Structures are given as C-alpha cells and as structure tokens.
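User: Hi! I would like to learn how to read a metal site and a helix in a model. Could you walk me through them?

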Amino acid sequence: MTERAWGPDAGVVIRRITNYYTVRFRGEDYVCLPRARLKKERVAIHVGDRVLIEEIDLLNRTGTVAEVLPRFNMLPRPPIANVDQAVLVFSADRPAFNPMLLDRFLVLVAQSGIDSAIAINKADLLDPEALEALVAPYRAVGYPVVTVSAERGDVEPLRALLAGKETVFAGPSGVGKSSLLNALEPGLALKAAEVSAKIQRGRHTTTYASLYALETAGETAYVADTPGYSHLGFGPLHPTQLGWLFPEMAPHIPDCRFPDCLHRGEPGCAVAERAQVAESRFASYLRFLEELEATEERLASTSTKNEGAVKRKAAAGGGETKLIRLAAGARDDSRRKSKQRLRDLHLEEPEDDEETDGQPDDQVLE
Ligand code: GDP
Ligand code: ZN
C-alpha cells in the first residue's frame with residue numbers, strides 16, 4: 001500500500017470540528033483553518049485527506065491548510081478519504097463465525113474499490129486447528145488474515161496489519177471491535193464514543209469520522225473511530241458483475257465462453273473448469289447471485305425504465321471499477337438504488353442512514 005506516497009511534507013486530516021481541521025504532521029497535531037483561497041474555491045477537505053500546511057505555529061500547534069492533495073478514494077457517510085483497507089472483524093465464536101456474512105462484507109468492500117483484510121477475534125474460544133480450518137479458505141484466496149484475542153491482549157498481529165495504513169473497521173456487532181480498539185490503545189473506543197456523542201448533541205448534527213493515529217514501530221497507523229462502518233458498499237450491481245468481486249473467480253472470467261456467463265453450469269465456463277473456489281465461498285456466491293437476480297426482476301416489474309438505467313450504469317462500471325464515484329450528483333441517485341439493494345442483500349439493517357444526507361459532501365465549507 002506504500003505506493004500512495006505523498007511525501008514527508010504531507011499532513012493527514014484526522015479530525016474536523018466545524019471549520020477547524022486537526023492535521024497530524026510529523027507526529028504532532030495542528031489545528032488548522034483552510035486558507036482563504038480554498039474557501040473561495042469551495043475546495044472540500046475531508047478527514048483522511050493529505051494536505052500541505054503552512055503558517056505553522058509550533059507553540060500553539062496551529063497552522064493553515066494550504067493545499068489538498070489528490071485523494072485516491074472516498075467513503076461517504078461519514079466522509080473519509082484515502083482508505084487503504086477495511087479490516088473485517090468477525091469472531092471465532094459467540095457470535096458463531098458466519099462465513100456467508102463475511103463473504104457479503106468482502107463483496108461490499110470490493111465494490112467500494114477498497115482492499116479487505118480479515119481479523120478473527122475471540123481466538124481464545126476455539127482450538128487452534130478449528131481456527132485454522134475456519135480461516136483457510138480466506139488465506140487461500142489471498143486475503144490478509146489475522147487471528148487475535150482482545151480478551152487475552154493478543155493483538156500484535158492486528159497492530160502489524162494496521163501499521164502504515166489508513167483503516168476502517170467493519171463487522172457485525174458483538175464480535176469485539178471496540179474491545180480490539182481498546183486493546184490496541186486503552187481508551188480508544190471509549191474516546192470514539194464520546195466524540196460522536198458530542199457531535200450528535202450539536203445543533204447541526206453532521207457526523208464526521210475521526211482518525212486515530214497509532215504510532216506503531218515507527219509507522220503511523222490511522223484507524224477510523226467508527227467501529228463498524230456500515231456504509232461500505234455503493235453502486236448497483238448487475239448479476240454478471242458479482243463474480244468479479246470474488247478474487248479467486250475473477251482471473252478466469254475472461255476465458256468463459258459466454259460474456260454473460262454466471263458460472264453456474266454454463267457450457268465452457270472457465271470458472272467451473274479452473275478456478276479454485278471453496279465450497280462455502282461458492283455457496284455464498286450462488287446465494288448472492290439469486291438475491292441480485294430477484295432484485296433485477298423486481299426492478300424490471302416496477303420500472304422498466306429504471307432497470308435499463310441500472311443496467312447501463314452497471315455495464316459502464318464494468319468489473320474493473322476500482323474507485324467509488326466521486327460526483328455528488330451521480331452518487332445521490334445511485335445511493336437510493338444501492339441502499340435498496342444493500343437492504344435486499346441484508347447487508348445492513350435499515351437504520352438512521354439519512355443523518356448526513358441533508359449535507360452534500362462537497363459543501364463542507366460554508
Ligand atoms: P463490538 O460490538 O464489536 O464492539 O464488540 P465488543 O467489543 O462490545 O465486545 C462484545 C463482547 O465480546 C463483550 O462482552 C466482550 O467482553 C467480548 N469479547 C471481546 N473480545 C473478546 C475476546 O477476544 N474473547 C472473548 N472470549 N470475548 C471477547
Ligand atoms: Zn463462467
């Protein structure tokens with residue numbers, strides 16, 4: 001991930017409170033206002049942005065954001081830029097490990113164009129062989145996998161996974177995300193909860209993510225404070241695109257005889273012939289495929305026009321879309337559709353996700 005080199009002069013926006021941005025620069029935090037030109041040009045500054053700062057006051061730890069460097073991706077709601085990876089946290093037991101749910105998260109994250117790593121917590125509840133059997137299919141695909149126990153304080157493999165990267169955590173509740181954050185640095189998850197409570201109480205209830213900077217072995221790890229990021233997936237997904245989001249299937253897809261092959265028994269299917277897909281992973285694939293097809297059918301019956309648009313968009317996106325859309329207008333439209341699809345996929349509980357919808361991401365400077 002070190003190809004995203006911004007150079008030693010770049011700081012990282014780790015927090016935003018109204019128009020004040022806290023920038024971590026060379027191991028210190030500076031509270032900065034944006035330079036007038038950025039305001040005038042309505043340049044958005046998001047948590048996670050790499051910025052150049054000026055007028056640094058070492059005594060008062062203040063400065064001015066002079067420039068926002070190009071970001072390579074952006075997760076909306078709460079907005080967070082330049083995410084290197086999502087760490088999907090699941091538990092070995094209590095709640096029982098649920099491979100299909102993990103596969104859903106992996107598909108969603110892949111759809112956002114973000115790399116996934118997997119952390120299996122509560123390793124203390126399972127014997128080592130059973131634990132290895134559980135993670136083997138994911139190691140085989142090539143996902144980075146760590147097994148940890150917040151309870152036993154055994155979190156060093158997770159710390160190593162985070163080093164030098166900007167990470168969001170995702171995963172079902174009860175698996176120990178907060179416990180892991182606290183095991184990495186005592187008080188971390190607690191602080192996160194306090195900050196978000198304060199922001200919620202404010203008059204303009206816009207939620208901003210914050211990043212925690214963990215200094216680890218000379219490298220800074222930036223970890224989003226939202227334990228359980230719930231809005232990772234965006235963009236409609238056509239059934240033929242699903243296979244591209246399974247890394248063990250994707251390289252074989254171009255060799256399938258039919259370009260719209262769904263890898264479900266079609267003649268000349270290279271995935272069936274050559275891909276090494278674990279049984280549980282293929283079961284997930286088939287299940288998601290059915291759900292996507294059901295959604296397609298429902299859309300087709302409710303609005304033919306609408307479905308055409310979705311299909312065209314999906315086709316234009318192709319299997320190689322690596323970044324989520326940045327244009328606010330386009331996104332708003334796809335948000336509604338994708339939100340519905342996420343629900344269809346049971347990827348998130350229908351909940352309070354309208355909280356920041358009144359605040360377009362690009363209007364952060366007033
Ligand atoms: P979150 O909802 O993902 O943030 O999960 P929490 O951090 O609140 O943890 C849920 C429950 O799992 C709590 O009762 C924790 O004490 C427990 N827990 C967390 N980590 C571990 C672990 O490594 N082993 C065991 N046995 N329990 C854990
Ligand atoms: Zn095929």
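User: What geometry does the site of the zinc ion (ligand 2) have?

Analyst: Happy to help! This is a predicted model, in which local features need pLDDT of at least 70, side-chain atom pairs count only at pLDDT 80 or more, and totals for chains, interfaces and linings use all residues. Residues are numbered from 1 along each chain, chains are lettered from A and ligands numbered from 1 as written, and side-chain values use heavy atoms, without hydrogens and water.

Ideal angles are 109.5 degrees for four tetrahedral donors. Four donors count as tetrahedral if all angles lie between 85 and 135 degrees. Here the 4 donor atoms make angles of 103 to 116°, and the site is tetrahedral.

User: Which protein donors hold the zinc ion (ligand 2)?

Analyst: Donors are N, O and S atoms within 2.8 Å of the metal (3.2 Å for Na, K and Ca). Cys256 (SG), Cys261 (SG), His263 (ND1) and Cys269 (SG) lie 2.1 to 2.4 Å from the zinc ion (ligand 2). Their sequence spacing is C-x4-C-x1-H-x5-C.

User: Is histidine 263 buried or exposed?

Analyst: Buried means under 20% relative accessible area, exposed over 50%, and partly exposed in between (1.4 Å probe, protein chains only). Histidine 263 is buried because its relative accessible area is 3%.

User: Where does helix 3 have a kink?

Analyst: Helices are DSSP runs (H or I, at least four residues), numbered from the N terminus. A bend is the angle between axes fitted to the seven residues ending at a residue and the seven starting there. In helix 3, a kink of about 45° lies at valine 135, shortly before proline 137. Valine 135 is also among the buried residues of helix 3. After the helix comes glycine 142, with a positive phi near 110°.

Methods:
Helices (H or I, at least four residues) and strands (E, at least two) are DSSP runs, numbered from the N terminus. Four donors count as tetrahedral if all angles lie between 85 and 135 degrees; four count as square planar and six as octahedral if opposite donors are over 155 degrees apart and all others between 65 and 115; anything else is irregular.
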